[in-house]
Amino acid sequence: QIFQDGRGSGWEVPVIALGSALGVATTLFTGMYAQSRVVLGVARVAELPAVPRLAAVHSAWGTPARAQAYCAVVAAALAALLDVSALSKYLTAGVLVSYSGACVAVLAL
């Protein structure tokens, strides 16, 4: 509402714009971090047979560095091809599906 009718011409417009940009960036980075862990787990149980190197972890840090790099490349490609509103919608839906799958897997245990 503030942006559409021009009433918010003071200090609140840049603050809201900065907050929304930081919110989208935080969601993107959190999604990338969680997705790399999912890719690592799927690669470890050999559900990704074409990419077995994604199951490796970094020797010094113990993190899935290859899976994180793979997810970063995919995220960069999506960010280059999609606008921010479409990207945030897809990311929100992806996080919802990912957490729902994790909840179903916990129930199956």
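This note walks through the fold, the core and one surface patch of a predicted model.

1. Basis. Local features need pLDDT of at least 70, side-chain atom pairs count only at pLDDT 80 or more, and totals for chains, interfaces and linings use all residues. Residues are numbered from 1 along each chain as its sequence is written, and side-chain values use heavy atoms, with hydrogens and water left out.

2. Overall fold. The protein chain has 4 helices and 0 strands. From the N terminus, the order is α-α-α-α. Helices (H or I, at least four residues) and strands (E, at least two) are DSSP runs, numbered from the N terminus.

3. Surface and burial. Of the 109 residues in the protein chain, 14% are buried. Buried means under 20% relative accessible area, exposed over 50%, and partly exposed in between (1.4 Å probe, protein chains only). The accessible surface of the chain is about 7,900 Å², and carbon and sulfur atoms hold 70% of that. Areas come from the Shrake-Rupley method with a 1.4 Å probe; for residues, only the protein chains shown count as cover.

4. Helix α2. This helix covers residues 12–44. Its end C-alpha atoms are 48 Å apart, which agrees with the 48 Å expected for 33 residues at 1.5 Å a residue. The expected span is 1.5 Å times one less than the number of residues. Buried in α2 are G31, M32, S36, V39, L40 and A43. They pack against α3.

5. The core. The largest nonpolar core has 5 residues: V39, A43, L54, A67 and C71. Helices α2 and α3 each give two or more residues to this core. Such a core is a set of buried Ala, Val, Leu, Ile, Met, Phe, Trp, Tyr and Cys residues joined through side-chain atoms within 4.5 Å.

6. A67 and C71. A67 sits in helix α3. A67 counts as buried because its relative accessibility is 0%. Beyond neighbours within four places in sequence, A67 is in contact (heavy atoms within 4.5 Å) with S36, V39, L40 and L54. With the same neighbours left aside, C71 is in contact with M32, Q35, S36 and V39.

7. The patch. Y70, V74 and L78 form a nonpolar surface patch, with about 260 Å² of accessible area together. V74 lies in α3, residues 65–81. V74 is partly exposed, at 37% relative accessible area. An α-helix has 3.6 residues a turn, so residues three or four places apart point the same way.

Note on methods: Patch = residues over 30% accessible without salt bridge, like charges linked within 9 Å, V, L, I, M, F, W, Y side chains within 5 Å. Salt bridge = Lys/Arg side-chain N within 4 Å of Asp/Glu carboxyl O.
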